[in-house]
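Work through these exercises with the structure open beside you. Try each task before you read its solution.

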Amino acid sequence: MQENKTFPLDKVPLGKEPFHFSCHAGVSCFMSCCKNVDMFLYPYDIIRLKKCLQCDAESFMRQFTRLVSGDQPYFPAVMLKLNDDPEKSCPFLGQEGCSVYADRPSACRTYPLERAVDRSSWRGRGKDYYFLTAHSYCLGHNEPEKVTVTQWIRDQKLHDYNSLNDAWAELDTLFATNPWKGEGSGGPKQQMAFMACYDIDGFRRLVIRERIFERFRFKKSQIEKLRNDDTVFLQFSFEWVKFFLTGTSSLPLR
Ligand code: SF4
Ligand code: SF4
């Protein structure tokens, strides 16, 4: 099917054609992009990083993040807190490079691509578009190696990140409608939603204490996974927040 989609700033999405890019310790700009970087962190980034660092979500949030006003006024955005050194280094930057490489955030994995999802086409399913982006100091674009978008997504293990980030984007769209009503931002409902999204360990303790799993038709094996698998629990948390705010979600009510 021929598509006539247009994109802001006349950006042209990449197709199947490969682009030049390679990042490795031999480029003279190595680690430049890990300094003075404005980076948003999403809920799935948090669970990957806190697992890598073997700390709980609340400690991670306190030590490594700061809250800012994001694209919409009704829910704060979470950014990486940089080191207080002259170069404003990423706190995970080590002597040899990234110390959390296997669990590095979405933004670090996706570069040099930018991803946009069009949810209006393709029979309700989102369609991904990828654009090439380049920092002025990044010499990876001058390397001889070529790679396609499909290879990049596979090599950077982006599938789980994209899937959880899409679920998060859907929830953030709900937050942008001011679902807190009379409470306003920062009220008890927003604090509960923030905990469910970003303090997964604290929210899991609350769910278990309040026997919230029992309100839904879960099999024993599902409850076992919800108790032990952060990714599965994050998916539950997103759906629970929808249920909490709107009364509807995909969760199987008893
Ligand atoms: S600036 Fe580009 S090539 Fe250099 S380390 Fe960062 S991503 Fe790699
Ligand atoms: S998480 Fe790793 S790759 Fe990302 S900015 Fe920090 S040190 Fe660099």
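**Exercise 1.** Leave aside neighbours within four places in sequence: which residues is Leu 234 in contact with?

*Solution.* The model is predicted. Start at Leu 234 and skip its neighbours within four places in sequence. The contacts that remain are Pro 43, Tyr 44, Ile 47, Leu 164 and Ile 200. Next, place three of these in an element: Pro 43, Tyr 44 and Ile 47 are among the buried residues of H1.

**Exercise 2.** Find the residues that touch the most other members of the largest nonpolar core, then say which elements supply this core.

*Solution.* The core has 35 residues. Ile 46, Leu 234 and Val 241 touch the most other members. Now go through the elements. At least two residues each come from H1, H2, strand E3 (76-80), H5, H6, H7 and H9. H9 gives the largest share, 7 residues. Last, check the domains: domain 1 (8-158) and domain 2 (178-246) each contribute at least three residues. Another core, of 5 residues, lies apart from this one. Its members include Leu 113, Tyr 130, Val 149 and Trp 152.

**Exercise 3.** Is H1 mostly covered or mostly exposed, and what do its buried residues pack against?

*Solution.* Count first. Of the 10 residues in H1, 8 are buried, so the helix is mostly covered. The buried set is Pro 43, Tyr 44, Asp 45, Ile 46, Ile 47, Arg 48, Leu 49 and Lys 50. Then look at the partners. These residues pack against H2, helix H3 (106-110), helix H5 (159-175), helix H6 (188-198), helix H7 (200-209) and helix H9 (230-246). Finally, step past the end of the helix. Just after H1, Gln 54 takes a positive phi of about 55°.

**Exercise 4.** Describe how domain 1 meets domain 2.

*Solution.* Take the bounds from the domain assignment: 8-158 for domain 1 and 178-246 for domain 2. Their centres, taken over C-alpha atoms, are 26 Å apart. In the contact, 12 residues of domain 1 meet 13 residues of domain 2. On the domain 1 side, helix H1 (43-52) and helix H2 (57-64) each supply at least two residues. H1 provides the largest share of that side, 5 residues. By class, the side holds 9 nonpolar, no polar and 3 charged residues.

**Exercise 5.** Which residues are closest to ligand 1, and how does its shell divide by class?

*Solution.* The ligand is surrounded by 13 residues. The closest are Cys 23, Cys 29, Cys 33, Cys 138 and Gly 140. Sort the shell by class: 10 residues are nonpolar, 3 are polar and none is charged.

Definitions and conventions
Residues are numbered from 1 along each chain as its sequence is written. Chains are lettered from A and ligands numbered from 1 in the order in which they are written. This is a predicted model: local features need pLDDT of at least 70, side-chain atom pairs count only at pLDDT 80 or more; totals for chains, interfaces and linings use all residues. A residue is near a molecule or strand if its C-beta atom, placed from the backbone, lies within 6 Å of it. Ala, Val, Leu, Ile, Met, Phe, Trp, Tyr, Cys and Pro count as nonpolar, Asp, Glu, Lys and Arg as charged, and the others, Gly among them, as polar. Domain bounds come from an automatic or database domain assignment. Two residues are in contact if their C-beta atoms, placed from the backbone, lie within 7 Å. Helices (H or I, at least four residues) and strands (E, at least two) are DSSP runs, numbered from the N terminus. A residue is buried if 20 or more other C-beta atoms lie within 10 Å of its own, exposed if 12 or fewer, and partly exposed in between; C-beta atoms are placed from the backbone. A nonpolar core is a set of buried Ala, Val, Leu, Ile, Met, Phe, Trp, Tyr and Cys residues joined through C-beta atoms within 7 Å.
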